[in-house]
Amino acid sequence: ERNLPEAAKWYAVAANESDPVACLRLAWMHCAGAGVEKSFPVALAWLDRASNLNDPGAKFMLAGLFEKGEIVPQSKEEAESLYREAYRLASAHPNQNDPRIQGLLGMALCDGKGAKQDKVRAAELLRAAAEQGDPAAQCRLARMHEIGDVVEEDKNRAQELYRSAAAALDADAMRNLARIAEDEGAMDAAMTWRLRAANAGDTESQFLLGERFRAGTGVRAEAAGKGADDSLLFRKEGGTPDYAEAAKLLLAAAEKNHRGAQLAVAELCLAGQGVEKNAVEAVKWLRKAAEAGVAEAQFRLGSLYLADGDVPVDKEVAAEWLGRAAGQGHAKAQVAYGVLLRSGDGADKNPLEAAKQFRAAASSNDADAKDAAAPQLADMIAKGEIEPSDSSESIAWLLVAAERGGVDSMHRLGL
């Protein structure tokens, strides 16, 4: 029977004696909260320590984090450098029959990360590592069998390999088993695999499950009296949301820089759902996503600073974030930013730029943005704030607004 706390104690002894594999094990345990306190900073510290000990596996894992921007700031350059170093160290490793080394080399060659892509050689290495029980190699070889990439397409063999890797707590394998179950319509099984993947630290599963708990489409089987607590049931129709479960999962994903999760956590903080109502925390999470360039987060953050509610009004800060979102084509942000530019409140007054923003929003596929932008344009033309592009533009925008139920526009048209 597994005793993870006891295992962690002995891994720590070995890690403190500079054993890189023990450092890697502790990194995973702290990331998943398996037998030890869940802590991404501690996990990263152990991973970094293994990398500094020139462990190729640690460098490969660290490269993946930099590539995806998980836990660490995203950096393609740092990722590429670490991938190259990982491949160099693995290629020079004294034991080329070590399944961990074979698996790493196979994945590098399969994806062309740190080395020139060679899928035939990659398959050979992954097969050798998989036969010796390396879960990462099993998972990658399974995917190749699933789609017939270089190796023979064999979906049954793929599932065997995924299940073997999942038994060794490989989160990628669990996530793939969830995907396969979803494709087959076995939603309860898919939810259970998602939960196991989430508990093993899979960010995407944490986000997806968090959203399902928030929507009320996920429920623990034990709570429903139909199974163990590590199983989930899927509700096709939304039931009662479980905000506490949602918050726990979404926060775990948000801490690893999942942008959708950061938005979701901000919403929970503003509403006080599953967490204490806290506008400061909401702003923190919105800012993280906004600074990463997520237009919706930029819009939400700007809107918070406009509204007289959860945070103090600051129209200059609002204009900054709304302008960034508008620049990415966010239609509602274009309307809000246009209003500030038209009034000169929070931004330098600029009717031409305001009209440009309104025209972009009115031409978008966002119905609410159209409703708001069209009458603004018609009003600016009617009041002489801007020149119409032609003699009929004012009427054209009034008609757009009227067709969408704009009462003021109807009155202006005499309807």
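The following legends describe an overall view and several close-up views of one predicted model.

**Figure 1. Overall view of the protein chain, a predicted model with 22 helices and two strands.** The C-alpha trace spans about 80 × 50 × 45 Å along its principal axes. The protein chain has 415 residues, and 46% of them count as buried. Its accessible surface comes to about 19900 Å², and carbon and sulfur atoms account for 49% of that area. Among contacts between residues at least 6 apart in sequence, 46% join residues at least 24 apart. The protein chain carries 50 positive and 64 negative charges, and the mean positions of these two sets are 1 Å apart.

**Figure 2. Close-up of Trp397 in helix α21 and the residues in contact with it.** Helix α21 comprises residues 393-403, and Trp397 lies within it. Trp397 has a relative accessibility of 13% and therefore counts as buried, since the cut-off for this class is under 20%. When neighbours within four places in sequence are left aside, Trp397 is in contact with Arg359, Ala362, Ser363, Ala374, Leu377, Ala378 and Ile381. One of these residues, Ala374, is 23 residues from Trp397 in sequence, yet their C-alpha atoms are 5.1 Å apart in space.

**Figure 3. Close-up of the salt bridge between Asp202 and Arg175.** The closest N and O atoms of this pair are 2.4 Å apart. Asp202 lies in the loop between α11 (187-199) and α12 (203-215), whereas Arg175 belongs to helix α10 (residues 171-183), so the salt bridge ties together parts that are 27 residues apart in sequence. The two partners fall into separate accessibility classes: Asp202 is buried, with a relative accessible area of 7%, and Arg175 is partly exposed, with a value of 24%. A search of the whole structure finds 27 salt bridges, and the pair shown here is one of them.

**Figure 4. Close-up of the salt bridge between Lys315 and Asp345.** The side chains of Lys315 and Asp345 meet with an N to O distance of 2.5 Å. This pair links distant parts of the chain, 30 residues apart: Lys315 is in helix α17 (residues 315-327), and Asp345 is in the loop between α18 (331-343) and α19 (351-362). Lys315 is partly exposed, with a relative accessible area of 30%. Asp345 is also partly exposed, at 33%.

**Figure 5. Close-up of the salt bridge between Asp379 and Lys383, with a salt-bridge network shown in a second panel.** The side chains of Asp379 and Lys383 meet with an N to O distance of 3.3 Å. Asp379 is buried, with a relative accessible area of 10%, whereas Lys383 is exposed, with a relative accessible area of 57%. In the second panel, Glu211, Arg214, Glu267, Glu296 and Arg300 are joined into one network by salt bridges that share partners.

**Figure 6. Close-up of the cysteines Cys23 and Cys31.** A disulfide is a covalent bond between the sulfur atoms of two cysteines. The count of disulfides in this model comes to zero. Cys23 is in no disulfide, and the nearest cysteine sulfur, that of Cys31, is 15 Å away. For the sulfur of Cys31, the closest cysteine sulfur is likewise that of Cys23, and the separation of 15 Å is too far for a bond, because a disulfide requires the two sulfur atoms to be within 2.5 Å. Cys23 counts as buried, with a relative accessibility of 0%. Cys31 also counts as buried, with a relative accessibility of 17%.

**Figure 7. Close-up of Asn54 and Val150, two loop residues with positive phi values.** Most residues other than glycine have a negative phi. Asn54, a residue other than glycine, has a positive phi near 65 degrees. Asn54 is found in the loop between α3 (40-52) and α4 (56-68), where it is partly exposed, with a relative accessible area of 43%. The second panel shows Val150, whose phi is near 75 degrees, again a positive value in a residue other than glycine. Val150 is placed in the loop between α8 (135-147) and α9 (155-167). Val150 is partly exposed as well, with a relative accessible area of 44%.

Key
Residues are numbered from 1 along each chain as its sequence is written. This is a predicted model: local features need pLDDT of at least 70, side-chain atom pairs count only at pLDDT 80 or more; totals for chains, interfaces and linings use all residues. Side-chain values use heavy atoms; hydrogens and water are left out. Helices (H or I, at least four residues) and strands (E, at least two) are DSSP runs, numbered from the N terminus. Buried means under 20% relative accessible area, exposed over 50%, partly exposed in between (1.4 Å probe, protein chains only). Contact means heavy atoms within 4.5 Å. A salt bridge is a side-chain nitrogen of Lys or Arg within 4 Å of a carboxyl oxygen of Asp or Glu. Accessible areas come from the Shrake-Rupley method with a 1.4 Å probe; for residues, only the protein chains shown count as cover. Lys and Arg count as positive and Asp and Glu as negative; His and the chain ends are not counted. The place of a charge is taken as NZ of Lys, CZ of Arg, CG of Asp or CD of Glu.
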